[in-house]
Amino acid sequence: MEKTLKQQPINLVKVVLFGPESTGKTTLSGQLARHYHTVWAPEYAREYLQDKWNNERKTCEQKDLIPIAEGQMRLENQLAKKADKLLICDTDLLETKVYSEEYYGGFVDPLLDEAAIGNSYDIYFLTYIDTPWEADDLRDRPEQRLEMFNAFENALKKYNRPYVLLKGDKETRLKKAVGVIDKLIAEKENLYSYSDTLIDLDMHFLHQNTPDFPIE
């Protein structure tokens with residue numbers, strides 16, 4: 001596997017927020033990180049593609065997918081070293097693979113394909129489309145939300161990923177996710193912990209989040 005697309009080994013519980021656009025993944029990522037006093041890896045594609053749009057007035061192209069994947073894994077590997085037993089991932093390479101297949105006629109770069117299948121996580125939280133659609137410069141296909149949701153769920157089933165479907169309001173989703181994560185943490189021994197203080201974590205939250213955790 002290409003080194004830049006590979007997870008670095010570390011004994012953490014790793015969870016992925018997985019699903020279509022505007023389904024609350026970033027909101028829940030922030031909530032979970034605060035609940036467990038840990039860090040979360042944001043979606044690198046958002047910053048990358050927003051810069052592309054601002055500078056070139058262009059949306060995502062096929063050639064962007066490997067740089068996006070590399071940026072995502074760089075973030076995940078860096079933040080894993082600052083996590084406390086648990087790392088929340090706003091996305092993963094399997095999600096990038098699904099987008100590639102759906103937007104580019106089934107095409108997936110072989111490097112992305114290998115990494116998406118080879119990297120592993122303890123649980124995926126599949127976010128349902130019962131949240132309001134919030135348009136921005138990057139989001140599209142609001143009329144195809146169910147089609148995209150089905151593509152994400154089919155990928156989880158195809159690659160035998162452990163997943164839990166999250167529906168309902170923010171509080172309902174958070175409660176269900178916390179119940180699942182608590183069990184995963186209890187089952188693992190000698191989990192990595194970055195620090196017993198919250199100073200670095202607070203600085204991380206200040207950098208990543210706004211008070212209301214806008215819906216992703």
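## Close-up views of the predicted model

A search of the whole structure finds six salt bridges, a salt bridge being a side-chain nitrogen of Lys or Arg within 4 Å of a carboxyl oxygen of Asp or Glu. The model is predicted: local features need pLDDT of at least 70, side-chain atom pairs count only at pLDDT 80 or more, and totals for chains, interfaces and linings use all residues. Residues are numbered from 1 along each chain as its sequence is written, and side-chain values use heavy atoms, with hydrogens and water left out.

**View 1. Five strands form an open, parallel sheet**. The strand order is β2-β3-β1-β4-β5. β2 (39–41) and β5 (163–166) stand at the edges, so each has a single partner strand and one side without a neighbour in the sheet. From one strand to the next, the twist averages 25°. Strands (E, at least two residues) and helices (H or I, at least four) are DSSP runs, numbered from the N terminus. Two strands pair if DSSP finds at least two bridges between them.

**View 2. β2 pairs with β3 at one edge of the sheet**. Strand β3 covers residues 86–89. The two strands run in the parallel sense and share three bridges. Ala41 stands opposite Cys89 in β3.

**View 3. β5 pairs with β4 and alternates its side chains**. The β4–β5 pairing is parallel, over four bridges. Leu126 stands opposite Leu165 in β5. In a regular strand the side chains alternate between the two faces of the sheet. Along β5, Val164 and Leu166 point to one face and are buried; Tyr163 and Leu165 point to the other and are not. Buried means under 20% relative accessible area, exposed over 50%, and partly exposed in between (1.4 Å probe, protein chains only).

**View 4. Helix α6 lies across three strands**. The helix spans residues 145–158. Its strands are β1 (13–18), β4 (123–127) and β5. The helix runs at about 160° to β4. Axes are lines fitted to C-alpha atoms, for helices over the stretch in contact (heavy atoms within 4.5 Å), and angles run from 0 to 180 degrees between N-to-C directions.

**View 5. A salt bridge joins Lys14 and Glu76**. The closest N and O atoms are 3.1 Å apart. The pair links distant parts of the chain: Lys14 sits in strand β1, Glu76 in helix α3 (residues 65–80), 62 residues apart. Both Lys14 and Glu76 are buried.

**View 6. Lys97, Glu101 and Asp113 are linked in a network of salt bridges**. Glu101 meets Lys97 at 3.0 Å, N to O. Both lie in helix α4; being four residues apart, they are separated by about one helical turn. Asp113 meets Lys97 at 2.5 Å, N to O. Asp113 lies in helix α5 (residues 110–118) and Lys97 in helix α4, so this pair ties together parts that are 16 residues apart in sequence. Lys97 is buried, at 3% relative accessibility. Glu101 is partly exposed at 26%, and Asp113 is partly exposed at 24%.

**View 7. Asp90 is buried yet has no salt bridge**. Asp90 lies in the loop between β3 and α4 (93–103). The nearest side chain of opposite charge, Lys25, is 5.6 Å away. Lys and Arg count as positive, Asp and Glu as negative; His and the chain ends are not counted. A polar contact of 2.7 Å joins the side chains of Asp90 and Thr26. A polar contact is a pair of N or O atoms within 3.5 Å; within protein, one must be able to donate a hydrogen and the other to accept it, and residues adjacent in sequence count only if both atoms are side-chain atoms.
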